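Reader: I should like to learn how to read a protein structure step by step. May we take one feature at a time, beginning with the general idea and then turning to the case at hand?

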Amino acid sequence: MQDVSLTDPPALIGDTADQLAKIFGSGVAGAIPNGRGKGTVLIGTGGPLARLAAALAYALAWRGKVVNAREGRLKNLVTQDSWYDGETCIVLDYSKTSFVARKIRDEIREIAPGVFLGLVFWGRRHVLDFALDFRERR
């Protein structure tokens, strides 16, 4: 039986950084996602602060990512070794495509079908986590 929090990204909001690290470590690089991925910001503190941060981020700033794997949109989406643990992951490297985000690197792994857990690096420092849900909404 699969852990329900892995198939419900908002359930990950209450997880600590250590719990999120274990989940990321158990994920797989898999196929590059395609479509609109609904985003959930995960600050890794658990509790009310994490819920507030996720709600504010979604309402004010970031709602996820749109990927067109077939047409190669999001050009820097490649499979590489993770800075976190050296294992294979999908890397979204903005260093050559965005002046504003040039120091940002996202690493994602699929943790359940269509659900990805991501790490955000600023330079080489891991600063934030996020989840993306690419499953179709009906």
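Author: Let us begin with a term. A residue is called buried when its relative accessible area is under 20%, and exposed when that value is over 50%. Please also keep in mind that this is a predicted model.

Reader: Is Arg105 buried or exposed?

Author: Arg105 has a relative accessible area of 6%. The limit for a buried residue is 20%, so Arg105 is buried. Arg105 belongs to strand 5, which spans residues 104-112.

Reader: Which residues does Arg105 touch, leaving aside those up to four places away in sequence?

Author: The list consists of Gln80, Asp81, Ser82, Trp83, Val91, Leu92, Leu119, Val120 and Phe121. With Gln80 there is also a polar contact between the two side chains, at 3.3 Å.

Reader: Phe121 appears in that list. Where is Phe121 found?

Author: Phe121 is found in strand 6, residues 115-122. Phe121 has a relative accessible area of 3% and is therefore buried. Besides Arg105, Phe121 touches Trp83, Tyr84, Lys103, Ile104, Glu107 and His126, again without counting residues up to four places away in sequence.

Reader: How should I read distance along the chain against distance in space?

Author: One compares the two values for a pair of residues. Phe121 and Tyr84 are 37 residues apart in sequence, and their C-alpha atoms are 9.3 Å apart in space. For the whole protein chain, consider the contacts with a separation of 6 or more: 55% of them join residues 24 or more positions apart.

Reader: How many helices and strands are there in the protein chain?

Author: The protein chain has 3 helices and 7 strands. Their order along the sequence is α-α-β-α-β-β-β-β-β-β. As for burial, 41% of the 138 residues are buried. The exposed surface of the protein chain is about 8,100 Å², and 55% of it is supplied by carbon and sulfur atoms.

Reader: What is the general idea behind a nonpolar core?

Author: In soluble globular proteins, nonpolar side chains tend to be buried together. In this model, the largest nonpolar core has 18 residues, of which Leu12, Ile23, Leu42, Ile111 and Leu117 touch the most other members. Two or more residues of this core come from each of helix 2 (17-26), helix 3 (47-60), strand 4 (88-93), strand 5 and strand 6. Strand 6 gives the largest share, 4 residues. Another core, of 13 residues, lies apart from it; among its members are Leu92, Ala101, Phe116 and Phe130.

Reader: Which residues of helix 2 are buried?

Author: In helix 2, the buried residues are Leu20, Ala21, Ile23 and Phe24. These residues lie on the same side of helix 2, because they cover an arc of only 165 degrees around the axis. The face turned away from that buried side carries the exposed residues Asp18, Lys22 and Ser26.

Reader: What does the side chain of Arg109 reach?

Author: The side chain of Arg109 reaches the backbone oxygen of Phe24, at 3.1 Å. Arg109 is found in strand 5. The relative accessibility of Arg109 is 1%, so Arg109 counts as buried.

Reader: And what may be said of Ile111, which is also placed in strand 5?

Author: Ile111 has 10% relative accessibility and therefore counts as buried. The C-alpha atoms of Ile111 and Gly25 are separated by 9.2 Å, although these two residues are 86 residues apart along the chain.

Reader: Which residues does Leu6 touch, apart from those up to four places away in sequence?

Author: Leu6 touches Ile23, Ile111, Ala112 and Val115. The place of Leu6 is in helix 1, and Leu6 counts as buried at 13% relative accessibility. Between the C-alpha atoms of Leu6 and Phe116 the distance is 8.8 Å, while 110 residues separate the pair in sequence.

Reader: Which element has the lowest mean pLDDT, and which the highest?

Author: The pLDDT expresses the predictor's confidence in each residue. Among the elements, helix 1 (residues 4-7) has the lowest mean, 73, and helix 2 has the highest, 95. The average for the protein chain is 85, and 89% of the residues score at least 70.

Note on methods. Residues numbered from 1 in each chain as written. Predicted model: local features only at pLDDT ≥ 70, side-chain atom pairs only at ≥ 80, totals over all residues. Heavy atoms only, no water. Buried < 20%, exposed > 50% of the residue type's maximum accessible area, 1.4 Å probe, protein only. Contact = heavy atoms within 4.5 Å. Areas by Shrake-Rupley, 256 points an atom, 1.4 Å probe, with all protein chains shown as cover. Polar contact = N/O pair within 3.5 Å; in protein donor to acceptor, adjacent residues only side chain to side chain. Core = buried A, V, L, I, M, F, W, Y, C linked by side-chain atoms within 4.5 Å. Arc of directions from axis to C-beta. pLDDT = per-residue confidence, 0-100.
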